[in-house]
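Biologist: I'm new to this one, so could you take a close look at a single part for me, the charged pairs, and then walk me outward from there? Keep it chatty.

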Amino acid sequence: MTHDGEMDSGLYKDNFDPIHSQQGDLELAGLDGGEDQREEKLRRLKARLEDWRPLVLPVVHFLEWRQPWSPAVLAGVNTVFFLVIWWLDLSALSCLALLGTVVAFLDGIVPIISSTVFDPNAWSSSEEQEYDAFCHRLMDLSSYASGFCTYLRGVKAQLPRVFSIGLCGLFIVAAIVFDRVNNFFIIYLETTLLLLAPGLHAKGVLKLAQHHGLELINKIRGSRKTVKQN
């Protein structure tokens, strides 16, 4: 049974083609259907965001830390929000219901504000270009996700045992951490990092961290190949 499993793993490793695999992921995500299809998807995305268009750029500028005080405000507002939830001692389902209420309220009030407060004729060409760039970034998120899945499949094909052991270890560590650390605090940290992520990306911090992470992985894989050859 083990021999058959190793043969299947070897066949998958030998036949794995990251380029064609990524191509398939992009096709499933709808991001590799040609320039015309991409433009059509962009047009539909812009149509869905039409009511939110006047608020998109100010929010993006705020999340990308165009002002030096933006990260402090983001972290401060999120902290106050979680302190209020902690003080009210709301259950998880109550928090979800409260979040749904806020989303539904914004979905109803934002179109009204957009149509009454903001003047569509004041939208400049530079703002339109920046808005197009934002929509392209939203579309590219699916491409990044599919590329990451392709990378994981490549790691699994080349290092199947290491991948399985590492994944099991990751889940075991997560279970221990979630059991010993307050889950409310973990969610607070996750949301804070999520709010700060656009600014970290805009400042190049995430790209630098990704570069160092890939260098570390490549070193580990290179050392493994050297040990095998020796």
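Modeller: Let's settle one word before we begin: a residue is buried when its relative accessible area is under 20%, exposed when that is over 50%, and partly exposed in between. Also keep in mind that this is a predicted model.

With that cut-off in hand, take Arg 53: its relative accessible area is 15%, so it is buried. Arg 53 has a partner too, forming a salt bridge with Glu 128, where the closest N and O atoms are 3.7 Å apart. This pair links distant parts of the chain, as Arg 53 sits in helix α4 (residues 53–63) while Glu 128 belongs to helix α7 (residues 125–158), 75 residues apart. As a rule, side chains of opposite charge can pair when their charged atoms come close.

How many salt bridges turn up in the whole structure? A full search finds six. One of them joins Glu 40 to Arg 43, with the closest N and O atoms 2.6 Å apart. Unlike the pair that links distant parts of the chain, Glu 40 and Arg 43 both lie in helix α3 (residues 34–48), three residues apart, or about one turn of the helix. Here's the general idea behind that spacing: an α-helix has 3.6 residues a turn, so residues three or four places apart point the same way. Glu 40 has a relative accessibility of 32%, so it counts as partly exposed, and Arg 43, at 48%, is partly exposed as well.

Next comes a little cluster. Glu 64 forms a salt bridge with Arg 66, and their closest N and O atoms are 3.1 Å apart. Is Glu 64 buried or exposed? At 16% relative accessible area, Glu 64 is buried, whereas Arg 66, at 46%, is partly exposed. There's more to this spot, too: Glu 64, Arg 66, Glu 130 and Arg 137 are linked in a network of salt bridges.

Now step back to the loop between α3 and α4, where you'll find Leu 49. Leu 49 has a relative accessibility of 19%, which is under 20%, so it counts as buried. What does Leu 49 touch, once residues up to four places away in sequence are set aside? The list is Tyr 131, Phe 134, Cys 135 and Leu 138. Take Cys 135 from that list: Leu 49 and Cys 135 are 86 residues apart in sequence, yet their C-alpha atoms are 9.2 Å apart in space.

For a polar residue away from those charged pairs, try Asn 78 in helix α5 (residues 70–88). Asn 78 is buried, because its relative accessible area is 8%. The side chain of Asn 78 makes a polar contact with the side chain of Thr 192, at 2.8 Å. Beyond its neighbours within four places in sequence, Asn 78 is in contact with Tyr 188, Thr 191, Thr 192 and Leu 195.

One more helix rounds out the tour. Helix α6 (residues 92–116) has 25 residues, so at 1.5 Å a residue it should span 36 Å, and its end C-alpha atoms are indeed 36 Å apart. Still, α6 has a kink of about 25° at Ile 109, shortly before the proline Pro 111.

As for cysteines, Cys 95 is partly exposed at 23% relative accessibility, and Cys 149 is partly exposed at 39%. How many disulfides are there in the whole structure? The search finds zero.

Conventions: Residues numbered from 1 in each chain as written. Predicted model: local features only at pLDDT ≥ 70, side-chain atom pairs only at ≥ 80, totals over all residues. Heavy atoms only, no water. Disulfide = S-S within 2.5 Å. Buried < 20%, exposed > 50% of the residue type's maximum accessible area, 1.4 Å probe, protein only. Helix = DSSP H or I, 4+ residues; strand = E, 2+ residues; numbered from the N terminus. Expected span 1.5 Å × (residues − 1). Bend = angle between axes of the 7 residues up to and from the residue. Salt bridge = Lys/Arg side-chain N within 4 Å of Asp/Glu carboxyl O. Polar contact = N/O pair within 3.5 Å; in protein donor to acceptor, adjacent residues only side chain to side chain. Contact = heavy atoms within 4.5 Å.
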